[in-house]
Amino acid sequence: MSAVVAAPQPLLRTMTGHDLTAVLKVENAAYDFPWTLPIFRDCLRVGCHCYVYESPQGIIGHGIMSVAVGECHILNICVHPDHQRRGLGEGMVLFLLDLARQKKARIALLEVRVSNVAAYHLYTKLSFDEVGTRKSYYPSRQGREDAIILARDLTVGNH
């Protein structure tokens with residue numbers, strides 16, 4: 001009888017400029033309309049909270065959040081398709097929410113594509129509620145796609 005050995009959990013660490021080539025590969029693998037190198041560079045430059053998941057195979061995911069005046073905005077959560085559905089996206093969101101609380105944020109906001117049902121379910125599972133819609137917010141193959149605005153009160157209960 002052979003023992004089952006669990007794969008090591010990826011390391012969650014701060015993103016650096018040296019990570020951007022690998023981050024772009026993950027972004028391009030996961031999204032039809034990925035962020036560009038200048039967007040990631042700007043996030044690092046302006047002091048957004050930028051993190052990566054690093055596994056023995058390299059970077060497999062990333063998360064980016066801004067925090068200002070009592071509010072955090074989760075800007076990007078991305079996990080390479082080969083590593084999705086293993087709790088990494090949820091782990092990144094929870095990590096960023098904890099960090100936002102440490103930075104004295106009282107509310108968390110994010111947008112999700114109307115068509116991104118999996119992400120929508122993850123966020124609602126994590127106690128985000130719909131608070132609005134941004135019409136034609138995202139590019140899509142059919143032109144533009146609406147975004148659902150989600151919010152979560154960070155002053156009540158930890159999830």
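Before anything else, a word on terms: when I say that a residue is buried, I mean that its relative accessible area is under 20%, and when I speak of one part covering or touching another, I mean contact, that is, heavy atoms within 4.5 Å. Please keep in mind throughout that what we are looking at is a predicted model.

Let me start with helix α1, which spans residues 20-30 and whose buried residues are L20, V23, L24, V26 and E27. These buried residues take up an arc of only 160° around the axis, and therefore they sit on the same side of α1. As a reminder, an α-helix has 3.6 residues a turn, so residues three or four places apart point the same way. The face of α1 that is turned away from the buried side carries the exposed residues T21 and K25. And what covers the buried residues of α1? The cover includes α2 (37-45), together with β2, β3 and β4.

That brings me to the sheet, which is open, has seven strands with mixed pairing, and follows the order β1-β2-β3-β4-β5-β7-β6. Its edge strands are β1 (11-14) and β6, each of which pairs on one side only, and neighbouring strands are turned by 25° against each other on average, if direction is ignored. β6 and β7 are paired in the antiparallel sense, over eight bridges. As for the helices, α2 lies across β2, β3 and β4 and runs at about 55° to β3, while α4 lies across β4, β5, β6 and β7 and runs at about 160° to β5.

Now to the interior, where the largest nonpolar core has 27 residues, and where I74, V93, Y123 and F128 touch the most other members. At least two residues of this core come from each of β2 (49-55), β3 (58-68), β4, α3, β5 (107-113), α4 and β7 (143-153), and it is α3 that gives the most, with seven residues. Apart from this core lies another, of 13 residues, including L20, C48, I64 and C78. Returning to Y123, and leaving aside neighbours within four places in sequence, we find Y123 in contact with I77, V93, L110, V112, F128 and L150.

Finally, I would point to two loop residues. R85, in the loop between β4 (71-79) and α3 (88-102), has a phi near 65°, a positive value in a residue other than glycine, and R85 is exposed, with a relative accessible area of 74%. S127, in the loop between α4 (117-125) and β6 (129-140), likewise is not a glycine and has a positive phi of about 75°, but S127 counts as partly exposed, at 36% relative accessibility.

Notes
Residues numbered from 1 in each chain as written. Predicted model: local features only at pLDDT ≥ 70, side-chain atom pairs only at ≥ 80, totals over all residues. Heavy atoms only, no water. Helix = DSSP H or I, 4+ residues; strand = E, 2+ residues; numbered from the N terminus. Buried < 20%, exposed > 50% of the residue type's maximum accessible area, 1.4 Å probe, protein only. Core = buried A, V, L, I, M, F, W, Y, C linked by side-chain atoms within 4.5 Å. Arc of directions from axis to C-beta. Pairing = 2+ DSSP bridges. Axes fitted to C-alpha atoms, helices over the stretch in contact; angles between N-to-C directions.
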